[in-house]
Amino acid sequence: MNLRRLVVFVTLAVFVLALDQGSKGWARSLPVGVPQPVVDGYWDWQLSYNDGVAFSTFAGGGGRVLLSVIAFAAVAAVGYAAARTKPEQRVKRVAYAAIAGGALGNVVDRVRDGAVTDFVRWHVHDHMWPIFNLADAALLVGVVLLITEGFLARGPAARRTLQA
């Protein structure tokens with residue numbers, strides 16, 4: 001990866017990290033566990049702390065160090081993958097930057113606080129989705145971009161084969 005592409009990758013990842021940490025700093029002013037409606041019946045701010053991983057998997061297990069090491073290894077792997085992209089693979093590098101920034105956002109919480117700060121609650125009246133944060137959203141967007149880019153890169157013939 002040339003220096004310019006590296007700078008753009010790092011800048012995007014740091015931007016995601018800064019947005020995530022800034023939003024979590026604001027969210028920590030909310031009362032823990034008390035929904036604050038944004039769009040009544042559909043979207044609340046609700047502060048929660050998750051010491052596990054996605055959807056509170058491994059919560060309470062005290063795996064803070066292990067989860068942090070895994071996250072740092074994942075960020076290193078994503079950085080390596082981004083460095084191996086071709087100049088024309090801009091979407092792929094943006095996706096990797098979103099993933100790296102999101103992973104770093106959650107690992108900062110885990111190292112500093114022992115748990116990840118979550119605060120976005122989506123629901124349809126009583127049906128609740130797991131509470132998440134901007135780092136989680138960045139990770140999801142990055143993965144969706146990678147899948148979409150990979151699917152589109154295969155061309156029409158490959159897509160027809162997949163549909164058959």
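This dialogue concerns helix 4 and the residues around it in a predicted model.

Biologist: On what basis should the values be read?

Modeller: In this predicted model, local features need pLDDT of at least 70 and side-chain atom pairs count only at pLDDT 80 or more, while totals for chains, interfaces and linings use all residues. Residues are numbered from 1 along each chain as its sequence is written, and side-chain values use heavy atoms, with hydrogens and water left out.

Biologist: What span does helix 4 reach, from its first C-alpha to its last?

Modeller: Helices are DSSP runs of H or I with at least four residues, strands are runs of E with at least two, and both are numbered from the N terminus. The expected span of a helix is 1.5 Å times one less than its number of residues. Helix 4 (residues 134–153) has 20 residues and reaches 28 Å, close to the 28 Å expected.

Biologist: Which residues of helix 4 are buried?

Modeller: Buried means under 20% relative accessible area, exposed over 50%, and partly exposed in between (1.4 Å probe, protein chains only). In helix 4 the buried residues are Ala135, Ala138, Gly142 and Glu149. They lie on the same side of helix 4 because they cover an arc of only 55 degrees around the axis, the arc being that of the directions from the helix axis to the C-beta atoms.

Biologist: Why do residues three or four places apart point the same way?

Modeller: An α-helix has 3.6 residues a turn, so such residues share a direction. On the face of helix 4 turned away from its buried side are the exposed residues Leu140 and Ile147. The buried residues pack against helix 1 (3–27) and helix 3 (90–113), where contact means heavy atoms within 4.5 Å.

Biologist: Which residue caps the N-terminal end of helix 4?

Modeller: A polar contact is a pair of N or O atoms within 3.5 Å; within protein, one must be able to donate a hydrogen and the other to accept it, and residues adjacent in sequence count only if both atoms are side-chain atoms. The cap is asparagine 133, with a side-chain oxygen 2.9 Å from the backbone nitrogen of alanine 135. Asparagine 133 sits in the loop between strand 4 (127–128) and helix 4, and counts as buried because its relative accessibility is 0%. Its side chain also makes polar contacts with the side chains of asparagine 106 at 3.2 Å and aspartate 118 at 2.7 Å.

Biologist: What phi does glycine 155 take?

Modeller: Just after helix 4, glycine 155 has a positive phi of about 85 degrees.
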